[in-house]
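Open the structure in your viewer and follow the stops below in order. Each stop says what to select and what is to be found there.

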2 protein chains.
Amino acid sequence: MKIKVLKNVFQRNDNAARENRELLDARGVTCVNLLGGAGAGKTSLLEAVIPVLRDSLRMGVLEGDLATTKDATRVDALGVPVIQLLTDGGCHLTATLVQQGLRRLPLDGLDMLLIENVGNPICPAGFDLGEHLRISVLSVTEGDDKAAKYPLLFKDADLIVLSKCDLQPLTDFDFNTVTRDLRRINRRAEILQTQARRAIGTEALATWLLDRCRPSSAASRE
Amino acid sequence: MKIKVLKNVFQRNDNAARENRELLDARGVTCVNLLGGAGAGKTSLLEAVIPVLRDSLRMGVLEGDLATTKDATRVDALGVPVIQLLTDGGCHLTATLVQQGLRRLPLDGLDMLLIENVGNPICPAGFDLGEHLRISVLSVTEGDDKAAKYPLLFKDADLIVLSKCDLQPLTDFDFNTVTRDLRRINRRAEILQTQARRAIGTEALATWLLDRCRPSSAASRE
C-alpha cells in the first residue's frame, strides 16, 4: 500500500512536470532548476548573473523556500518578475507548486525562467519540475567530501558550480578531490568555480546560461 | 489514503523511537541527536569534543549518511565505538535505522551516545530517534537568514551551535540578526559560538554535554 501511494506522488509530480515543460516549450521559455544545500550561495549567484543578462534576456524567477519571502525580496530588487513559492515546511519544490507559480508569471514576455529550489542537498534532486537544465551548487565551505556524500545532487546536473571559492584558502577544500568525485558521478556536466562577492566566474555562468537559451525564444523577441 | 499511510510511517517511527529511549534509559545512556545542513561542521565538532570527554565519559557514535563511510572513519580514528548508518539515498535517519545501530553498539559500556544525523536542514528535524537531547548546528558560512528560513531545524533544539565563527569576518553573517530570529523560534535553547579548527567554544560544548550526562549513568561507571 505504501509503495502504491508513493508511486502516485511521483506519478502526479511527473505529470505536472510534463505539463510545465510543454507550457514552457510553447512559450519559448528555457527553464533552469537551481539546486544546492542551504547557504550554498544560490541566491547570490542569481544576484550576480541577472544584472549581466537582464539586457540580453527577459528573465523571470521562482523562489522556493520553506518559510519567509527573503529570497524573493532580494531578486525583486533586481527588477525582474519573481514569485515566492512557499512549501510550508516541505523539503523540496514540486512540479505542482511550480505550476501555480507559472500561472502568476508573464510567460509570454520571458526568454528564461530560473527556479531556485529549496536549500537542501537531497530531496529536490528527486523531483522533476519541468525544467530543461539543472545547475547544482556546492560551496567550498561545505567541504570537499560532499560530492561523494551527496551523489544525487550532482548526478543529473548540466552544470556544477563550486561557489564561495574566495574562502577556499581558509578551508581544507581540495579541488582535485571534489573534481575526481564529481567525475565519477557525472561525466558530462561542466564544472565552474565562482566567487559571487567578487564577481569572479559569474560572467562565465551568465554566458553559459545565455548560450543555452534556445534560438526559438531568442527569435521570438525580435 | 495518502494521509493514512503517512500517519503509519510516523507512527512506526514514533514507536521505534520510544523503544530506543526505553532501551537507552535502561542502560543509563544519554543520547544526543546532532542536526544541521550538509557541511555545517557536525563531524568536526565531534572530532573536537570526543578527545576532551573521552576520559570522563564512555562515548559511542552513530553516523548517519546517504553514502560513504567517510564520517565513521573520522570518528573511528578517535578511538570510540562507531557505526555508520547508511540511508541509501534517504534524507534523514529514522528510529528504525537507529535501532539497528543500537544492536551493534556495546551499550552496557556507554554513558553517552552521539548520533550525527544526515546533513540536511529540513527532514531530520521531523523524526524522533529516541534521543534525550537535540543539538542543532548552523555554520556562519550558511548565512544569517537561515534561522528564519529553516525554523524547524531550531524549534526543538536544546542547544544551538553557531559553527565556523572564525570565517565570520569574511561573510555578512550578523550574530544579532540570527540570535533575534532564533529567539523567536526557540526561547530556551542555549546558543554557543564555536571555531572547531581553533578549539574555541568546543570546550564549552564538551562541558555542556558532560553536565547533561545523567547521574545514573555516571554512577554506573563506578
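**Stop 1: a central strand in chain B**

Select E4(B): 5 of its 5 residues are buried, so this strand is largely enclosed by the rest of the structure. The model is a predicted one, and this tour describes what was computed from it.

Show the side chains of the strand. In a regular strand the side chains alternate between the two faces of the sheet. Here B:Met112, B:Leu114 and B:Glu116 lie on one side, B:Leu113 and B:Ile115 lie on the other, and all of them are buried, leaving both faces of E4(B) covered.

Now add the strands that pair with it. E1(B) runs parallel to E4(B) and is joined to it by 5 bridges. To find the register, select B:Val32, which stands opposite B:Leu114. E2(B) is also joined to E4(B) by 5 bridges, again in parallel. In that pair, B:Met59 has B:Met112 as its bridge partner.

**Stop 2: the whole sheet of chain B**

Extend the selection to the open sheet of chain B, whose 7 strands pair in parallel and follow the order E3-E2-E4-E1-E5-E6-E7. Which strands are at the edges? They are E3 (82–86) and E7 (190–193) of chain B, each of which pairs on one side only. From one strand to the next, the twist averages 20°.

Move along to E5 (residues 133–139) and E6 (residues 159–163) of chain B, a parallel pair held over 5 bridges. Select B:Ser139 to see it opposite B:Ser163 in E6(B).

**Stop 3: helices across the sheet of chain B**

Select helix H2 (residues 42–53) of chain B. Its 12 residues reach 16 Å from the first C-alpha to the last, close to the 16 Å expected at 1.5 Å a residue. H2(B) lies across E1 (30–36), E2 (59–65), E4 (112–116), E5 and E6 of chain B, and runs at about 165° to E4(B).

Is this helix mostly buried or exposed? Of the 12 residues of H2(B), 9 are buried, so the helix is largely enclosed by the rest of the structure. Among the buried ones are B:Lys42, B:Thr43, B:Leu45 and B:Ile50.

Next select helix H4 (residues 95–103) of chain B. H4(B) lies across E2, E3 and E4 of chain B, at about 150° to E3(B).

**Stop 4: chain A**

Switch to chain A, where an open sheet of 7 strands with parallel pairing has the order E3-E2-E4-E1-E5-E6-E7. E3 (82–86) and E7 (190–193) of chain A have a single partner strand each, so one side of each is left without a neighbour in the sheet.

Zoom in on the E3(A) edge. E2 (residues 59–65) of chain A runs parallel to E3(A), with 5 bridges between them. One pair to select is A:Val61 with its bridge partner A:Val82. Helix H4 (residues 95–103) of chain A packs on the sheet here, touching E2, E3 and E4 (112–116) of chain A.

Then go to A:Ile160, in strand E6 (residues 159–163) of chain A. This residue counts as buried because it has 24 C-beta neighbours inside 10 Å; the cut-off is 20 or more. A:Ile135 is 25 residues away from A:Ile160 in sequence, yet their C-alpha atoms are 5.7 Å apart. Beyond its neighbours within four places in sequence, A:Ile160 is in contact with A:Ser136, A:Phe154, A:Leu182, A:Ala189 and A:Ile191.

**Stop 5: where the chains meet**

Show both chains. In their contact, 32 residues of chain B meet 32 residues of chain A. On chain B, helices H1 (2–27), H5 (146–149) and H6 (151–155) each supply at least two residues to this side, and H5(B) gives the most, with 3 residues. Coloured by type, the side of chain B that touches chain A has 15 nonpolar, 9 polar and 8 charged residues. Of the interface residues of chain B, 100% are also interface residues in chain A, so the copies meet through the same surface.

Finally, superpose the chains. A turn of 180° with a shift of 0.0 Å along the axis lays chain B on chain A with an RMSD of 0.0 Å. That is the relation of a two-fold axis. To locate the axis from chain B, select B:Asn120, whose C-alpha comes closest to it, at 3.0 Å.

Note on methods. Residues numbered from 1 in each chain as written. Chains lettered and ligands numbered in written order. Predicted model: local features only at pLDDT ≥ 70, side-chain atom pairs only at ≥ 80, totals over all residues. Least-squares fit on C-alpha atoms with pLDDT ≥ 70 in both. Contact = placed C-beta atoms within 7 Å. Helix = DSSP H or I, 4+ residues; strand = E, 2+ residues; numbered from the N terminus. Nonpolar A, V, L, I, M, F, W, Y, C, P; charged D, E, K, R; others polar. Pairing = 2+ DSSP bridges. Axes fitted to C-alpha atoms, helices over the stretch in contact; angles between N-to-C directions. Expected span 1.5 Å × (residues − 1).
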